[in-house]
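Visitor: Here is the model I would like to go through. Could you take my questions one at a time?

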Amino acid sequence: MSPQEQINLLKERTEVFHGEAELLERLQSGKRLRVKLGVDPTRPDLTFGHMVVLNKLRQFQDLGHQAILIIGDFTTRIGDPSGRSVARPILSEEEIAHNAATYLDQAYKILDPDKTEVRRNSEWFGEMSFLDALSLSRQMTVARMLERDDFAKRYASKTPISLIEFLYPLLQGHDSVRLESDVELGGSDQIFNMLVGRNLQKDANLPEQAVIAMPLLVGLDGERKMSKSFDNYIAFNHSAKDMFGRIMSIPDATMWVYYRYLLEMSDADIAKRQELHPMEAKKQLAATMVARFYSLETAAHEREQFEKVFSKNEVRDDMPEFTWDKLLPEAQEATLVDLLAATALPAFSSKKEIRRLIEQGAIRMNGEKITEPSMRLVRPLAETVIQAGKRTFLKLTDA
RNA sequence: GGUGGGGUAACCAAGUGGCUAAAGGAUGCGGACUGUAAAUCCGCCGGGCUGCGCCCUUCGGGGGUUCGAAUCCCUCCCCCACCA
């Protein structure tokens, strides 16, 4: 692919693309690009929000370029200033190693491991002296810092800004100097920090990195950005069932955003999809994503199960099984409430909650609605399928 | 260092002596309906119990006043803002 074609492709779906001209030159010189992405070792769970950036990184890899993941193990020790309400716990070596490994496992669902280099920024920060740190901070001015939009706003509204927050972008930028990255990728909340990297590289007489910011993906509610703290996310590690179901729960309008950023579908293809029935389009989205993280078979299975439960009002084929022996080994008879409570399933968080479910007509045994909260069961028990609402199913056997 | 504001259900936020397990909102859950775990409507939403009634725990921690406190007093802890 020609350099210009590469640029055109790489530009797709980005929110910000700085340094296009220099990047083109470098491509024309035949250079294999070094593309950097920072990783936060305090949060090992990747969500579909991360996928937007990872997809872009993968695109670079597919074009033959080198991806570099930076584990911010040093920066973690300082604590990310944006989460300043609560001091972040300092992670131990082991925790960082563990989180990094977990992170990589997930990231490799998208990235090509063979074209990925993993680095820790303690490599260089660990040996820097205070003097080094001071000379690093000389490369930034307060005025330049205050250009940053969120700092400017906070300063104007007299919300405190700690000095360390000023330092943070410098650290991130210094990573770029050390790695001599040609491109830095990130979410659009990272734009400023990434631009600082450009400045520092320039001061170090290095070619400046291009800065590519991807939009922040909207969450399941279709309004706020996807984030764990809003609980509106889908994680790489969600089960196939949950992944499928969660996608089905997004508002119709949001699914097109997902088609665009998660499946990287072209506008033309999206337009075609929009002719489908919205439910069908959403099912296809859900199935494609599940296939990506699990398999085609799993995706087909989940789609089938979903239709069974929600369209036909039937019961799932696969459900957890419990035996009376394990639940209540001593008892020869028990109330339904006690048995369900013993399963410890999330839907049965307390006995009160289970009674509530029964009172609301949510519990079915072998398809029959139970209305009596004090219902008792006696051993031996024939195999019984219990359903609580639309999402919780279990099979109960005697032993 | 000074001044002022604040800590309420594991989220936001009312409530300043009893009728407060504590308004309202958000989230969540259930039901109905449907084109989906979309939308809409209705209901539930601290826990326990031989349940429509009783018991236990809860309003930053501790102590006190009172027949009775989230609400008053004392004390301690923590957060925030403004001024230095």
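Visitor: Is Q61 buried or exposed?

Guide: This is a predicted model, where local features need pLDDT of at least 70, side-chain atom pairs count only at pLDDT 80 or more, and totals for chains, interfaces and linings use all residues. Residues are numbered from 1 along each chain as its sequence is written, chains are lettered from A and ligands numbered from 1 in the order in which they are written, and side-chain values use heavy atoms, with hydrogens and water left out. Buried means under 20% relative accessible area, exposed over 50%, partly exposed in between (1.4 Å probe, protein chains only). Q61 has a relative accessible area of 0%, so Q61 is buried.

Visitor: Which residues does Q61 touch, leaving out those up to four places away in sequence?

Guide: Q61 sits in helix 3, residues 48–62. Helices here are DSSP runs (H or I, at least four residues), numbered from the N terminus. Contact means heavy atoms within 4.5 Å. With residues up to four places away in sequence left out, Q61 touches A67, L111, D112, K115 and T116.

Visitor: Where does the largest nonpolar core lie relative to domain 1 and domain 2?

Guide: A nonpolar core is a set of buried Ala, Val, Leu, Ile, Met, Phe, Trp, Tyr and Cys residues joined through side-chain atoms within 4.5 Å. The largest has 66 residues, and F48, Y258, Y259, L285 and M289 have the most contacts inside it. Domain bounds come from an automatic or database domain assignment. Domain 1 (3–216) and domain 2 (238–310) both give residues to this core, so it lies between them.

Visitor: How many residues are in the other core, the one with L327 and I370?

Guide: That core lies apart from the largest one. Its members include L327, L339, I354 and I370. Its size is 23 residues.

Visitor: Which helix gives the most to the surface near RNA strand B?

Guide: A residue is near the strand if one of its heavy atoms lies within 4 Å of it. Of the 34 residues around RNA strand B, M248, S249, D252, F310 and R355 come nearest. Seven residues come from the top contributor, helix 19.

Visitor: What lies 2.8 Å from a polar side-chain atom of K282?

Guide: A polar contact is a pair of N or O atoms within 3.5 Å. A backbone N or O atom of M248 is 2.5 Å from a base oxygen of RNA strand B. For K282, the partner at 2.8 Å is a base nitrogen of RNA strand B.

Technical notes: Polar contact = N/O pair within 3.5 Å; in protein donor to acceptor, adjacent residues only side chain to side chain. Helix = DSSP H or I, 4+ residues; strand = E, 2+ residues; numbered from the N terminus.
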